[in-house]
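Let's take a walk through a protein fold together. Have a look at the picture first, and then we'll go from the whole chain down to single residues.

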Amino acid sequence: MATITECRGALDRLSDNLARADGDVRGAAALDRTLSCHVTDLDTTFTGRLADGRIRVDATVQGPPPAKAQIRLAMTGDDLVAMVDGRLNFAKAWASGRVRLEAGFRDLLRLRSLL
């Protein structure tokens, strides 16, 4: 089982990957939205913002997200690490219910290029 530190590291690597992206991925990551990532098996939530093509984690809280972020993710720590490392396909994990992504309709349309 992935640790909180490994999950935080995965989010930092994802942020770096988004910052280096170009084309459609860069456009999708250019949103300015609040973000939460609930790691279900650790019952821990990372909260922050997706802005300027990067993910900024502002807080780590115990339990589910304390407030409703504009973009909400939920998954196990192992799935988070596997996705960022390229061992788990996000679209397949989302379609199978292993990963939950909730956002407004327009944001989902923009984020689809990240899938």
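Here is a tour that starts with the overall fold and ends with two individual residues.

One thing to keep in mind is that this is a predicted model. What is the chain built from? It has five helices and five strands, and if you follow the sequence from start to end, they come in the order α-α-β-β-β-β-α-α-β-α. The radius of gyration is 13 Å, close to the 13 Å that the globule rule gives for 115 residues, so the chain is as compact as a globular protein of that length. If you'd rather think in terms of a box, the C-alpha trace spans about 35 × 30 × 25 Å along its principal axes.

Now for what's inside and what's outside. Of the 115 residues, 42% are buried. The chain exposes about 6,400 Å², and carbon and sulfur atoms supply 51% of that area. Contacts across the sequence are worth a glance too: among those with a separation of 6 or more, 59% join residues that sit 24 or more positions apart.

Let's zoom in on helix α1, which covers residues 4-20. Its 17 residues, at 1.5 Å each, should span 24 Å, and the end C-alpha atoms are 25 Å apart, which agrees. Which of its residues are tucked away? C7, A10, L11, S15 and L18 are buried. They cover an arc of only 140° around the axis, which puts them on the same side of α1. The general idea is simple: an α-helix has 3.6 residues a turn, so residues three or four places apart point the same way. On the face turned away from that buried side, you'll find the exposed residues T5 and R20.

Next stop is T44, in strand β2 (residues 44-51). Is T44 buried or exposed? Its relative accessibility is 1%, so it counts as buried. A polar atom of its side chain lies 3.0 Å from the backbone oxygen of L42. Setting aside neighbours within four places in sequence, T44 touches I4, C37, H38, V39, T60, V61, Q62 and G63.

Finally, go to M83 in helix α3 (residues 77-85). With a relative accessible area of 16%, M83 is buried, because the cut-off for that is under 20%. Leaving out neighbours within four places in sequence, M83 is in contact with M75, L88, F90 and V99. And where does A93 sit relative to M83? The two are 10 residues apart along the chain, and their C-alpha atoms are separated by 8.8 Å.

Note on methods. Residues numbered from 1 in each chain as written. Predicted model: local features only at pLDDT ≥ 70, side-chain atom pairs only at ≥ 80, totals over all residues. Heavy atoms only, no water. Helix = DSSP H or I, 4+ residues; strand = E, 2+ residues; numbered from the N terminus. Expected span 1.5 Å × (residues − 1). Buried < 20%, exposed > 50% of the residue type's maximum accessible area, 1.4 Å probe, protein only. Arc of directions from axis to C-beta. Rg over C-alpha atoms; globule rule 2.2 N^0.38 Å. Contact = heavy atoms within 4.5 Å. Areas by Shrake-Rupley, 256 points an atom, 1.4 Å probe, with all protein chains shown as cover. Polar contact = N/O pair within 3.5 Å; in protein donor to acceptor, adjacent residues only side chain to side chain.
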